[in-house]
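Reader: I am a first-year student and still learning how to read a structure. Could you pick one part, look at it closely with me, and then show me what surrounds it?

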Amino acid sequence: MSSLELAMHADGFNNVIGKMAARSRQTFPGGDWKRLGPLRLKFDGAFGHAEVKPNAFRVIDPAVGGSRGQLKELDWKWDRLAVRVGLDIPKVTVGGWCILPKPWGGCAIRLPEKNFFAQDPDFDVQFDFAGLRHEISTAFDVDVRKNAADKLYQLFLDPEMPLDVDLLDISDMVGDFLDRLVRTLVDKVFSFLPSAARSIVNAILGGIAKLVRKILDIGDDLMEWISEKIGISLGLFNLLASAILELFFKPEPIFEVEDPYPVLKAEGSEPSVTLDITNLSVLFDKGEQSMIVAIDI
């Protein structure tokens with residue numbers, strides 16, 4: 001039995017990943033309101049795409065097992081990421097008191113009754129986190145499958161789960177997020193007051209920002225809060241992970257080898273020359289930073 005080796009070096013593999021990223025644009029529909037204490041969150045739709053740096057692929061030696069491939073510095077960029085933030089204020093009922101009771105019971109004259117903050121949420125505002133990026137990394141193996149019907153050996157990426165998804169480039173957005181949240185929600189809450197009165201309320205309450213932080217239970221680490229509330233509570237990270245899995249690890253082969261393997265094409269009266277494959281395996285070479293396809297013939 002003889003063997004044949006085909007090597008795909010890092011540059012070639014990065015080219016494959018780059019082509020996958022070029023067709024990565026995806027759209028995600030909005031969802032329903034989520035209750036988080038007085039806070040209401042709603043994913044309001046998004047679309048984005050993957051971007052890869054020239055060195056996204058490399059070969060690593062994990063603590064357990066042999067060498068594996070790794071995708072690193074694969075970025076997902078949101079071209080639109082709309083999140084609606086609402087605030088539910090407990091309902092307040094004003095009026096309805098009886099000012100003239102009937103001698104025999106009941107009420108002859110009752111003040112008009114009006115309910116305030118009866119909606120849920122009472123106020124909401126939309127934020128678009130366009131430009132937000134996530135860095136995604138994962139190690140992977142290559143799964144070899146024989147497609148007898150099409151006479152092919154097919155190679156599929158097999159990721160290590162879970163994917164590592166990190167928030168990036170959000171610090172500049174945090175201040176704007178909170179400032180706009182405060183300004184919009186509180187202006188609506190106190191919309192019945194003139195601007196001078198709102199300023200007095202702000203001074204009495206010790207700062208509107210502090211008030212909203214307390215109401216929404218926002219800690220000092222806003223990045224962590226946004227990551228938790230938007231990423232986890234709305235399932236955004238799961239949505240993104242599913243999109244990446246579908247894009248880079250869906251059931252389409254990254255490479256195919258014909259069986260029998262063609263060596264020479266037929267020319268004129270000369271027949272083609274092929275080699276029957278008895279086995280095909282894949283390994284990674286860290287020193288050469290390459291994926292090697294070993295073919296036994």
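Author: Happy to! Let's start with strands E4 and E6 (residues 68-87), which pair in the antiparallel sense over twelve bridges. If you want one pair to find on screen, take histidine 49 in E4, whose bridge partner in E6 is lysine 77. Please keep in mind as we go that this is a predicted model.

Now stay on E4, which covers residues 39-52. Strand E2 (residues 26-28) is joined to E4 by three bridges, and the two run antiparallel. Here threonine 27 has phenylalanine 47 of E4 as its bridge partner. Strand E3 (residues 34-36) is also antiparallel to E4, and again three bridges hold the pairing. On that side, look for lysine 34, which is matched with leucine 41 in E4. So the strands to trace around E4 include E2, E3 and E6.

How do E3 and E4 connect? They form a hairpin, with two residues between them. Glycine 37 sits in that turn and has a positive phi of about 65°. While you are looking at strands, here is a general point to carry along: in a regular strand, the side chains alternate between the two faces of the sheet.

Next, follow the chain out of E6. Lysine 91 is located in the loop between E6 and E7. Lysine 91 has a relative accessible area of 54%, and because this is over 50%, it counts as exposed. Exposed does not mean without neighbours, though. Setting aside residues up to four places away in sequence, lysine 91 touches Asn115, Phe116, Phe117 and Ala118. Take alanine 118 as an example: this residue is 27 places from lysine 91 along the chain, yet their C-alpha atoms are separated by 5.2 Å. The chain as a whole offers a related figure: among contacts between residues at least 6 apart in sequence, 67% join residues at least 24 apart.

One step further along, we reach valine 92, which lies in strand E7. Its relative accessibility is 37%, so valine 92 falls in the partly exposed class. Valine 92 also belongs to a nonpolar surface patch of about 690 Å², together with Val94, Trp97, Ile99, Leu100, Ile109, Leu111 and Phe116. The elements that give two or more residues to this patch are E7 (92-95) and E8 (98-101). Did you recognise Phe116? Phe116 is a member of the patch, and is also one of the residues that lysine 91 touches.

In the stretch that E8 covers, there is something else to find. A search of the whole structure finds one disulfide, and it joins cysteine 98 to cysteine 107, with the sulfur atoms 2.2 Å apart. Which hand does this disulfide have? The torsion about the S-S bond is about 105°, so the disulfide is right-handed. The two cysteines fall into separate classes of exposure. Cysteine 98 is partly exposed, with a relative accessible area of 31%. Cysteine 107 has 19%, and because the limit for buried is under 20%, this cysteine counts as buried.

Let's step back and place this part in the whole chain. The protein chain holds six helices and 19 strands. Of its 297 residues, 38% are buried. The accessible surface is about 16,700 Å², and carbon and sulfur atoms account for 52% of that.

Finally, a few loops further along deserve a visit. Lysine 151 lies in the loop between strand E12 (133-147) and strand E13 (152-159). Lysine 151 is not a glycine, yet it has a positive phi of about 55°; its relative accessible area is 55%, so lysine 151 is exposed. Glutamine 289, in the loop between strand E18 (279-285) and strand E19 (290-296), is another residue with a positive phi, about 50°, although it is not a glycine. Glutamine 289 is partly exposed, at 24% relative accessible area. A third loop, between strand E15 (255-258) and strand E16 (261-264), contains proline 260. The peptide bond joining aspartate 259 and proline 260 is cis, with omega about 5°.

Terms used:
Residues are numbered from 1 along each chain as its sequence is written. This is a predicted model: local features need pLDDT of at least 70, side-chain atom pairs count only at pLDDT 80 or more; totals for chains, interfaces and linings use all residues. Side-chain values use heavy atoms; hydrogens and water are left out. Helices (H or I, at least four residues) and strands (E, at least two) are DSSP runs, numbered from the N terminus. Buried means under 20% relative accessible area, exposed over 50%, partly exposed in between (1.4 Å probe, protein chains only). Contact means heavy atoms within 4.5 Å. Accessible areas come from the Shrake-Rupley method with a 1.4 Å probe; for residues, only the protein chains shown count as cover. Patches are made of residues with over 30% relative accessible area and no salt bridge: like charges are joined within 9 Å, nonpolar side chains (Val, Leu, Ile, Met, Phe, Trp, Tyr) within 5 Å. A salt bridge is a side-chain nitrogen of Lys or Arg within 4 Å of a carboxyl oxygen of Asp or Glu. Two strands pair if DSSP finds at least two bridges between them. A disulfide is a pair of cysteine sulfur atoms within 2.5 Å.
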